[in-house]
Each structure stands twice: as structure tokens, then as C-alpha cells.
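Trainee: Before we go through this model, could you show it to me, so that I can ask how each term is justified?

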Amino acid sequence: MITDPGRRYQRVAYGYAAAVACLMATFLLAIPVQLSDSFTEFISVHGHPLSQVIAAEFYNGTYFRPFRRALIKIVYDVSGGHYYGAFRGFQALQVLVLLLLIVRMLRVRSRAALVALPLGLAIVVGIHTFAGAVVEGLPVNHFLTILICCAAAMNIADAKRTRLTDAAAVALLVYAMLTIESGLLLWVIFVAAYAVGYRGVSRTALIVLTLCVAAYFVGRFVLIGGAPPGLNERSAGFGFSVLSPDELVRRFGGNPIPFYAYNVLSAISCVLFAEPRGGVWTFVGGLLRGRPEPWQFVNVLTSTATTLLIARYAATRLTNWRARQFDEADRFVIIFLAVLPLNALLAGGYEKDVIMSPAGLFYGAAAYFVFRERLSGVSAVSIAPAVALLLAVGWSVRFVGIHESLRARALSVREEWAYYDDWVREQPRPMPLTPEEQAIKQHLYDDAVLRAPRTPQPSLGVAERLFDFTQ
Amino acid sequence: MSPRETEGTLTSFARSGLAGRILVPPLVAFLLVSLYVVGEAVGYRGLARPEAETVAEAAALGQAARTLQLIEEGQNPSQLQHVRPNFLDAGEYELRPLEAAILGRHAELVRLLLRIGAASFDRSRGSCFARLRLPEVLSDLGDGGSESPEPLEIAAAFRMCEGY
């Protein structure tokens, strides 16, 4: 029997997070392995040993992600041919691990902390930057992997310092930054956490972490001779439209700095105000045309109001921060403020909502602490009850909306496979398949088209206009 | 942990209603989605779009995967099938899947059905529908006839082509 009330709250919090993860899992498990970005990954790892898969990614032109396919390869081999269950099950497991790590880092040990938790998780899960981490399979979603690493990093930073925490911090950073570029943010998290008083990682370990980051850049750009992605890599949002690679080269080929600056500022604004999305000012465009969608109002208003609350909290605590007096809420707000701009730098090449998912995670955590402090009655920030209610309702709508998007995704992935022949024809290069690859394709096709579970599409009438199906 | 964080009880401010306003909406959202999942698991479809039970219904909705799934399960794509109300419009029709896809204006699905050989029947009614509703697939149907300048409404198109 648990007598410590703090532990009791903590157990309830873990239970709620697990329930939220299980709920999302039921939607994830209805989505077959997707064709684009997944089938080709299977072909790439099939028949090659893990070491070869990793080695091949060391010299992959503009991207330096040697561990990206490693996790795909491991799940692929473990699946034993049951790709659908293995990859979707793995993603569902990742969501569970992420939410449990988040609850651990939020230290839910009081009634106020517990009362604020459902809203906190609704923000973390409902924010548009999180959608790309679950809606896309890829077939292992590396943005979701990085979010887990970010939450794990905070837990390590907050732990009792031992040699193990130091070693874990270094291992986590190396793994994350060699998976995708967003993994470099772990260094920011460890440094910012140390700066605000977390001592789970020693100063020596911080130096090692810094050397690892330096080694990353030297290795990538000097030893291997890699180059950052160019303008001709992909389409990107700019202003009110999406520009093709050719248009990007024509407009910014001579001087790409304004385009990069636009992307960085857009990425920051995307987290704080839910606008622009993918570099495109869809809400403003809708307003100018006189036809904004209801979901755009929900997104922009909830994000903007939440940002204002965090900003007011930061303003009231500035004096304490200058005196280096930080409590739990201060620390998370400051770490969010440190992660946000550096995360945005990673979106310099092209702005995509999911790239900002680490900043979105800390945004949710910061907002959670602002509400929690207010509930504890110790915060200087007042929140009008009506505003609190509107915010809670808005974020709850976004929480429901992500599940609607997952259900819609199940249908679109099935449709994608049904038109496999058209997809092959549209590929830039011919895709001849070996008999083994053909068998994999047929297995995935059967899973998605012929054996797929029936997933009825919700029909909620006008209420559906409140949900963001663009994510 | 600072004393601020160990606060174990809610203040009067929280008791005045803030706690409820913050707690209730996300909990209700979680419960609603959970109820939806449970309801769906036990067969409740009150909040779901109608699901296609015939190939023609799936084609009318433009759902290619469901179309192929039903063909694989043994339904004959060359036969007339019943299309219930609200799949194409408020009316109900007897259509072959190809015709349903044309009336629903799903050009990609029309081409997919032709590619998999799901159109081995007299296609003159299909061509008639295409002229009135989806002229871009006329060449796929092997028909170079004249087309309607604006797509006609489904019921009107059905009436005009009924004699084929």
C-alpha cells in the first residue's frame, strides 16, 4: 500500500500516460506500413548485414545519418516477416516509452501537478509539431526516436549523478546525432539543464559531449567532405505557397541567406503561434481571402494564448532568473527557450513542422508548468478562468484531432498501396525488383489492401472542421 | 524540490474553479476518444461514415483498396450491384463498379479497374456516364465521343443513360 501521497500521484500520472499511449496505439495499429518512404527502406536493408547498412549511410552525400537505417534494420530482422505488426507495434511502444519518460521528467508529485497533467499531455500530443512523429511511419519514425532521446536526456540530467549517468548522456547524444540532425539538440538540452541547476551530468561529461558535437561537424564536413542540403533538394514553403526546387534556385540561388533566415524565423513562429505551417502562411492567407478554416482558428488561438502565458510567466520570473534562482517551472521554461532557436536552426534548409517536434515537446512541458504553478497558487501569473477553459478546450480539440488524423492516415496508406503501379511509374528511376523484393512488396500490399482491418472513418459532421487534417 | 513544487493541496483559487476548467476538457476528450474506440470494437457505427459492402459502393466512394479487397473476396466487378443512398447522392442505384467510379468522378480508380480487367462487359452505359460526368476517361474507355461541357448531376446522368 502506498502511503506517500507524492508517490500515489506519480502512479496515477504514469497510469494516465499509459492509457493515453494505449489509446493512440489502437489508432497506430490500424495503419499499414506505408509505401512511400517505407517500402524502399525495406529494400535498402534487406539482405545486408547491420554493419553494412550503417557503413553505407556514413557516405550518403548531403545527409549524415548512419544510425537512421540501423533501427529499421533491427526491427525488420526481428519482425520475422510480420512487418505490419512489428513496425506499427514498435511505433506504439515508442509512444508509450515517450509518454512515460515525459511524466517522469515532469515529476508529478502533488495534486496540482496531477490536475495539470491531462492538459500537459494534451498539449504535447496535440501540438502540430508532434503529428509528423506519429502520422508518418517511415517505417521507424526517427523524429519520434529523437523525442524519446530528448525526454530521456532530461531524465538523465535530473538524476543523481553517477558515472553511469555521464556515460548514458554521451551514449545518448552519439546515438541521437548519428540518427538524424535533430539529435544534436541533446547537447543543447544537457548544457541548458546544467546551466539551470540540474546536476545529473557532470561538468566533465559536458566537455565530452561538446567534443562529440565538434567531432560530428569535423567528421561530417571535413573528413567525409559532406555538404549541407542545397536548394535543389526539395520543395519548400515560402510566403503563401510552396516553391519547387527550380523556383527556389531561381529566386535564392544567388544568395540563399534570406531563404534560410525566413525558414528559421518561420520555424520559431510555427511552434509559438502554429503559423506558418511548413513555411506557408495558411491561416493568414485564409484570413486575407476571407475563408479561414475553423481548425486554423483553434490551432492559432490556442498556441498564441499559451505562448502569451509562458511569456508572461517568464517576464515575472526574470528577476529570479537574473539572481540564478530557479525552481522546476523556471528550469523547463528556460530549457524550452534554449531549445527553440537552436531547433529552428536545423529547419534552416527547409521548414517542416515535425523538425520542430523537440521544441514542441518542451513547449508543452513549459506550458504544463505554468498551469501547474498557477494551480499550486504560487505563480505570479494570473489566468482568467474563462481563458483557462478556452485553452483547455482548444488543446483537447487538438488532442482529438490527432487521432482523427491517424484514422484518416490508415485510409490514405491503403489507397497508396492500391495504386502501387502508378507509384512505380512516377519514380524518377526504374524499380526492377528481385524475386525476394517482389515477395516483400506482395506481403506489404496484401497487408495494406487485401488483409487490412476495416477502419471506419469517423463522421462527426461540422465538428470535423475543427480538426486539422493537413498534419 | 522547492516548497513551490511540493505544494500538495489546491489553493482557494484552484478550488474556485480553475482546477476543474483545466482538468475536465482534456479528460473528457480522452474519454470520448476511448468510448469511440470501444464502441467501434463492439460494432457500433453510429459515428462512422457508411462502409462499402459492394465493389460498386467502394468504387462510388473512390476507395481503391476496399474495391480491390472486395474483388479479392469474390465479388464480381462486372456485375450490376446495389449502391445505397449517400454513397453517390441521396438516391440508390444499380451499377457496375466501373460505372460507379465514373459517376463518382474517380478517374484514377476508373483506370485501375480497367487495368485489372474489371470491366469485361458492354461499356456503352459507362461511356455515356463518362460523357456526362467524367470526360477525361473517355479515351481510356476507347470512346472518342462528344462530351458534356459541365458535369451533370448524378441522378440526371443516370436517367439520361438508363436506356443503354
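**Core, fold and contact**

Mentor: Leaving aside residues up to four places away in sequence, A:I189 touches A:C150, A:A153, A:M154, A:I335 and A:V339, where contact means that the C-beta atoms, placed from the backbone, lie within 7 Å. This is a predicted model, in which local features need pLDDT of at least 70 and side-chain atom pairs count only at pLDDT 80 or more, while totals for chains, interfaces and linings use all residues. Residues are numbered from 1 along each chain as its sequence is written, and chains are lettered from A and ligands numbered from 1 in the order in which they are written.

Trainee: What makes a set of residues a nonpolar core?

Mentor: The members are buried Ala, Val, Leu, Ile, Met, Phe, Trp, Tyr and Cys residues joined through C-beta atoms within 7 Å, and buried means that 20 or more other C-beta atoms lie within 10 Å of a residue's own. The largest such core has 189 residues, and A:I189 and B:I22 are among those that touch the most other members. A second, separate core of six residues includes A:L231 and A:F238.

Trainee: Why does the radius of gyration of chain A agree with a compact globule?

Mentor: The rule, 2.2 Å times the number of residues to the power 0.38, with the radius taken over C-alpha atoms, gives near 23 Å for 471 residues, and chain A has 22 Å, which therefore agrees. Buried residues make up 48% of chain A.

Trainee: How many residues does each chain give to the contact?

Mentor: Chain A gives 47 residues and chain B gives 41.

Conventions
Contact = placed C-beta atoms within 7 Å. Buried ≥ 20, exposed ≤ 12 C-beta atoms within 10 Å, placed from the backbone.
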